[in-house]
Structures are given as C-alpha cells and as structure tokens.
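Student: I'd like to learn how to read a helix crossing and an enclosed space in a model. Can we work through one together?

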Amino acid sequence: MKNQKETIRRMVNYLNNEEKDGGFWLPNIQRPFVWKEEQIERLFDSILREYPISTMLVWKTKSSIKRRSFIKNYKKKNKLSNYYVPDDTKIKMLVLDGQQRLQSLFIGLKGSYEGKELYFNILSGKLSQPDDIKFHFKFMDKAKFPWVKFKDVVFSNEEYFEISEKIIDECDDELNKEQRKRIRNNIGKVIKVFNVEETLIYQELDSVDNQELYSEDDVVEIFIRANSGGTVLGKSDLLFSLLSASWSESDENMEELLEDLNNTGYKFTRDFILKTCLTILDKGAAYSVPKFRNEDTRENISNNWDDIANAIKDVKDFLYGKTYLRSDKALTSYLGLIPVIYFRYHHKDKWHAVKRLDEYILKSLLTGSFSGSPDNVIDRCVETIKKAKAFDVDELFGAIRRSGRNLQVSEDTLLDLYYGSKNIHLIFNLWYKDFSYHPAFTNNNPQVDHIFPQSELKKVKHINPDTGRPNLTYRAPERDQIANCMLLTQKENGAGGKSDQLPEEWFADKSDDYLDMHLIPKNRDLWKIEKYTEFIEERKKLIIRKFNSLIY
C-alpha cells in the first residue's frame, strides 16, 4: 500500500475522467451519497481553514467490477442506476473510503446541489471559536457581492492577484482598505489550499502492478474494516455487491423492489431484503461474507428473485391493508416480518388461510420480541414453521419464548408508553384507524398532542415541606404519559387550533363521537386542571378497555 497526494483541483478533475489511471469511480459496494448542504458547506470551511480531512482509500484494479460515476448535479430523487458505468477490464481507480468527501467536492466545484451552486463569502474569514464557521459557503441559485461562485475562483487560470482585482473592480460598493485586503488574502488562500498544495492524501491498493498482493477477497475485507469496523449494517452493502457480481440486474431489481415497498410510507432497507433472502433459502438469518461468496447462494437469489420479491410485497400489502400499521413510525421493527415472509414464500397456497397473523405482528412489536440481535429468534421461528408446515401462532410464540424473549402484553406495557416513545405510534395507528399516517403533503402528518398542555401543568406547584420551596407537582413522566396524549390532525394542532387550550375549553363544543374517538372521560368536571390526576386514572381505564384483547 502506498500513499499518494494530489491537489483538490486535480483530484476533482480525475473523477469520472479516464485520462488519469482510468479515472476515479465508485464501486457499487458504496452506499448512496447522504450528505446535506450544511455538511458540504462545513467541509469547504474546514479545508480552507487547513484542517485535516482524513486519508482516503482507493483500489487500482483491472477487475470487471460493477461501478458508477460520481454525481455532478445532485438531486435527492436521483437514481443510482442512472450513473452505472459499463463493466470493463481496463485500469480504473475505485474509491473504497472517502466517497462522501470526494462527492461533496465534486458537487461544490463542478456541479450543483438541488440546482444550486456553491458560493463563497469573499469577505468572511474573521477569527472565531473552533466550533464556529469561519469561511462562509452557501449553496444558492444566484447571489451578489460579497458572494462569489466558488468554482469560478478555483478553476480560473488567472493569477490570484488578477482574480482579486477583478472582484474588487466589479463591486458596486466602495470597499475600504480592510475589505480589499480581506479579498486578496482569501483569494490567495483559496488558490494555495485548493490549487497548489497537495491537500488530499489517499492510500492506493494496487492490484495492477501487484496482482497477488491484493485479491478481491482482500479488498472486500479491507472495505468492511474501513467503512464499518465489521458491523452488520456496513456488511449488508458489501454483501449485495458480491451478489451483483454474478447478477447484473441486481441493482435495478433491488431498487425497484424497495420503491414498491416504501411508496406508502414504510422504510424497508437493502439490509432487510438480504437477511430475508438468506432466511428464505434456509441459510440462517445471520449474514456473512462466506454465505454471499457461495456461488449457489447467489444463483438461488437471482433465479428466485421474482418469487422472493412477491412474497415480501404480499406481506407488506397485508400490513397496510389489514393491520393499520401504515407507516414507518408504527412499524417499530421489521425483522419480525421475516418468518411471515418465509411462510408466504414456501406455503403460498396456505397464505390466505393464516389466522391470527395480526396478533402475531402486534404482540411481537409491542414486546420488542425481535429487537437487538434477533437472528436466533428468527431461526427458531423458521424451524417451527418448517416442522409444522403451517403458521401456528401459538407454536411461534412458544419458539419466541424459548429464545428468551418476553411476549407478555400487560396493562403496564400500554400505560408505560409516553410522548416520544418508540411504540406510541404503533398504538395510535391501531387506536385511530381513520387517520392517514402517510398524507400526500408531509406537513399534514397527524401529531401527538398533550391533552393537558405541558405549559399549564408546569404552572402547578406545591411547597416542599423539607425546603419550603415550590416544586413542580407534575414532572415530565406524569405530563408525557400516554393517558395525557391524543392524536390530532395538523389542522387541529396548527395555527388557530388547540394550541395550549385546556380540555375544558377544547372539548367544550365537541360531540360524543369525538370524545369517544379520543377516549375522553365524559365527566366534564375532570376536564379542569385541578382534576388532572382523576382525569388520568379514568382515561387509563378507557385505554385498557379499548386494548383489552391484546392483554393477557
């Protein structure tokens, strides 16, 4: 492994450019670009402040590896399949570590972010605290002085003093001596840091001149360690790249499947799909590099992809149509669905006759049966299905318990939910079945609201007999408990809506149907703030009564 250095200007020109060692590209191992505008702007500030930006890792190879180009004009709706590059056996440089930084530099210096180009405040640069921004960069449609388009400075072929004087001459306002000095200093610094100094350092794994030194297996392992420290989530992207090596349509098919699954508000991932594939093929839920290096495994996935995808989509449709778990917020764990998908795949003819499937899903979600590291739980469920050749919910619950997981849904399981807790949206999806959890306009999402406003409850105090000082009567756990929460539409909770109204005001003109929907005690005397404790106790009873069928 050898270290290489380049100026930023030269390196950006090497991206997608075959003239330099076949060009720098991204292997399909790499995840999509995820940085936001602010992160890119902060990167440019860090570079101009001459902060180190870490060493990158590049693989020089002739292997016919699936790869894609860097994105010049970034849009969030970009599809990676639009950037695929035809496979070849020519020399090429594949970026294994450093994608986010290089992609950010490419966007800022060559392209745009959501149609906006990167501008630099030429008068910025005053001393600031280490955590503050010193040199101000901003993506904008267009801008006036003191903002200048940054790529025009970096890629200008003029001397730095010529660039400076041109900016000064074109300024409509009269500049003082200090401002003119700041412009000259900043331009000089930009040219120095981006064009002259070899700021970027990358380690090169050379499989061209040293073919035996770095095999593809070696590079695979290096990538895992460089990007994820060997963690499961990092491996999933890598394992998919191994799959795509023998299945050219894998990227497009995976992308299409995830679009189909997520178009109604879910967030299924590639990681979930890969684990599901292994489970369906009886390889065990835990995934590892050796499994995906096995040619039979890869062929089985590619040959049976349509059936696998249809099984997953059928289960997703059941979720959306029969359980009211219609959003990612409500589906707090996806992994418990894998045994269901396994059954649908292997016993399609029995799928529509399955009973109590909603009970299995709801109880496993409420109790977190598949949280943490659930591979053992998934495997036990699969073995149970294989043995019975049926989806017997009682047998599956037994398998889950034998794995050391608790399935007991008690009254406390429900009443311990609170504002902001993971499962409160699961309960509200079941509670408010007529609410749309995935409206066309995101800002119309339903909102969890405190029945007795926090601001009002915080005013209620009592004197501490030990200190003689006033203390809060209702602390956060008492204010945030589910018995003080309800779901409102955006319109109800927005401007002119409930806001900080107390129940005696908000519910005063509401119908019995409205009160029943929200499980509000109809004794109006309990709607007063001095009756808060009594209100909570009565509402707890109504919540337990509504969800009594889940409790045992």
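Tutor: We'll take the helix pair, then the cavities.

Tutor: This is a predicted model, where local features need pLDDT of at least 70, side-chain atom pairs count only at pLDDT 80 or more, and totals for chains, interfaces and linings use all residues. Residues are numbered from 1 along each chain as its sequence is written, and side-chain values use heavy atoms, with hydrogens and water left out.

Student: At what angle do the axes of α13 and α14 cross?

Tutor: Axes are lines fitted to C-alpha atoms, for helices over the stretch in contact, and angles run from 0 to 180 degrees between N-to-C directions. Helices are DSSP runs (H or I, at least four residues), numbered from the N terminus. Here α13 (residues 305–323) and α14 (residues 338–346) cross at roughly 125 degrees, with their axes coming within 9 Å.

Student: Which residues of α13 and α14 meet?

Tutor: Contact means heavy atoms within 4.5 Å. From α13, Asp 307, Ile 308, Asn 310, Ala 311, Ile 312, Asp 314 and Val 315 meet Val 340, Ile 341, Arg 344 and Tyr 345 of α14.

Student: And how do I find empty space?

Tutor: Rolling a probe the size of a water molecule over the atoms shows where empty space is left. On a 1 Å grid over the protein atoms alone, a cavity is a set of points where a 1.4 Å probe fits but cannot get out; lining residues have an atom within 4 Å of a point. The whole structure has three cavities of 30 Å³ or more, and the largest holds about 40 Å³ of space. Its lining includes Ser 333, Leu 365 and Phe 370.

Note on methods: Helix = DSSP H or I, 4+ residues; strand = E, 2+ residues; numbered from the N terminus. 1 Å grid on protein atoms, 1.4 Å probe; cavity = no way out; pocket = protein on both sides within 12 Å on 5 of 7 lines; lining within 4 Å. Points joined across faces, edges and corners; volume = space filled by probe spheres on them.
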